[in-house]
Amino acid sequence: MTGDLAWLGTALLMGLLGSTHCVGMCGGLGSAFTYALPEASRQGLRLLGWQLLYNGGRLLTYLLLGLLAGLVLGGLQDADGAQQVIRLVAGLFMILLGAYLAGWLQALAVLERIGGPLWRALAPLRQRLLPVRRPWQALAAGMVWGFLPCGLVYSAMALAVTRAAPAESALVMLAFGLGTMPALLVTGAAAGQFRHLLQRPGTRQTAGVLVILFGLWTMLGTQMHAGHGHGAAADQHASGHHAPAHAHA
């Protein structure tokens, strides 16, 4: 149980720390959704309610993507050594994400460009949902928002696949999405000063270093898991070796 909570905590913190990227990548879209509302709905608790609907739709997409990834790739966990490889890949993604957040390496930008055609294909659907007048429109627009090409989301997906069951993969993506919520709720309300703070080089670099440490922790956990597996195998071998002698005696 503790291990499961640790992975959910990692996903949550990944979303929180990745907010430095979210406000640049999604902040403009969140603000556009704000201005897609009637003028009377762009203030106070009304605006908060609409932003919760937008972000709720985004989180629903993340949850469904995690569930799909778990269903399609979760079976790989049963192959010999596959679990260790998957966790190493997830750790590598997190390290690349940290370097991306800090502005040191743009490797994940390549993946974002690969996802561009799908995002462009969804443009007509986005346009049909605007302007937003009803709650279902906001929820649907948020679900489309969840398909925005984002290296942060791809890294979270890599982490989600490390879980052994589709439901756990979905929960990892949900935890990640909840971590991104605070910053996007605030920037969606056009809080320019907060957005500027998160975009400062020092803030981004600090977040990047912390995500890199999470990536290293993920890789270290892989090695510890492998060592534990070897130890268990050795114990089983030793037990099997002595059993016949005892029976013979």
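Which residue forms a salt bridge with Arg 163? The partner is Glu 168, and the closest N and O atoms of the two residues are 3.5 Å apart. Keep in mind as you look that this is a predicted model. Side chains of opposite charge can pair when their charged atoms come close. Here the two partners differ in how much of them can be reached from outside: Arg 163 is buried, with a relative accessible area of 9%, whereas Glu 168 is partly exposed at 27%. The cut-off explains these words, because buried means under 20% relative accessible area and exposed means over 50%, with partly exposed in between. A search through the whole structure turns up 1 salt bridge.

Now let us step back and take in the whole protein. Its secondary structure consists of 13 helices and 0 strands, so if you follow the sequence you pass through the pattern α-α-α-α-α-α-α-α-α-α-α-α-α. There are 249 residues, and 43% of them count as buried. The accessible surface amounts to about 12,600 Å², with 69% of that belonging to carbon and sulfur atoms. The chain also brings together residues from separate parts of the sequence: of the contacts between residues at least 6 apart in sequence, 80% join residues that are at least 24 apart.

A good place to see such contacts is helix H1, which covers residues 2-17. Thr 10 sits in this helix and is buried, with a relative accessible area of just 3%. Beyond its neighbours within four places in sequence, Thr 10 is in contact with Met 94, Leu 159, Phe 214 and Trp 217. Leu 17 also belongs to H1, and it is buried too, at 17% relative accessible area. Setting aside neighbours within four places in sequence, Leu 17 is in contact with Leu 101, Ala 207, Leu 210, Val 211 and Phe 214. Phe 214 therefore appears among the contacts of both Thr 10 and Leu 17, contact here meaning heavy atoms within 4.5 Å. Leu 17 and Leu 101 are 84 residues apart along the chain, yet their C-alpha atoms are separated by 8.9 Å.

Moving on, you reach the loop between helix H3 (27-35) and H4, where Ser 41 lies. Is Ser 41 buried or exposed? Ser 41 is buried, with a relative accessible area of 8%. Apart from residues up to four places away in sequence, Ser 41 touches Arg 46, Leu 47 and Trp 50.

Helix H4 itself spans residues 44-73, and part of the surface here is nonpolar. Leu 60, Leu 64, Leu 67, Leu 68, Leu 71, Val 72 and Leu 73 form a nonpolar surface patch, with about 600 Å² of accessible area together. Two members of the patch show how open to the outside its residues can be. Leu 64, found in H4, is partly exposed, with a relative accessible area of 42%. Leu 71, also placed in H4, is exposed, at 58%. Leu 71 and Ala 170 are 99 residues apart in sequence, while their C-alpha atoms are 9.9 Å apart in space.

Next, look at how some of the helices meet. Helix H5 (residues 82-102) and H6 pack at an angle of about 100°, with their axes 8 Å apart, and the two are therefore roughly perpendicular to each other. At this meeting point, Phe 93, Leu 96, Leu 97 and Tyr 100 in H5 face Ala 107, Leu 108, Ala 109, Leu 111 and Glu 112 in H6 as contact partners.

Helix H6 (residues 107-114) has another crossing, with helix H10 (residues 151-161): their axes come within 9 Å and cross at roughly 95°. H6 and H10 are therefore also roughly perpendicular to each other. Leu 108, Leu 111 and Glu 112 of H6 make this contact with Gly 151, Tyr 154 and Ser 155 of H10.

One last stop is a peptide bond. Most residues other than glycine have a negative phi, and most peptide bonds are trans. The bond joining Leu 130 and Pro 131 is cis, with omega at about -5°. You will find Pro 131 in the loop between helix H8 (123-129) and helix H9 (135-145).

Definitions and conventions: Residues are numbered from 1 along each chain as its sequence is written. This is a predicted model: local features need pLDDT of at least 70, side-chain atom pairs count only at pLDDT 80 or more; totals for chains, interfaces and linings use all residues. Side-chain values use heavy atoms; hydrogens and water are left out. Patches are made of residues with over 30% relative accessible area and no salt bridge: like charges are joined within 9 Å, nonpolar side chains (Val, Leu, Ile, Met, Phe, Trp, Tyr) within 5 Å. Accessible areas come from the Shrake-Rupley method with a 1.4 Å probe; for residues, only the protein chains shown count as cover. A salt bridge is a side-chain nitrogen of Lys or Arg within 4 Å of a carboxyl oxygen of Asp or Glu. Helices (H or I, at least four residues) and strands (E, at least two) are DSSP runs, numbered from the N terminus. Buried means under 20% relative accessible area, exposed over 50%, partly exposed in between (1.4 Å probe, protein chains only). Axes are lines fitted to C-alpha atoms, for helices over the stretch in contact, and angles run from 0 to 180 degrees between N-to-C directions. Angles under 35 degrees count as roughly parallel, over 145 as roughly antiparallel, 65 to 115 as roughly perpendicular and the rest as oblique.
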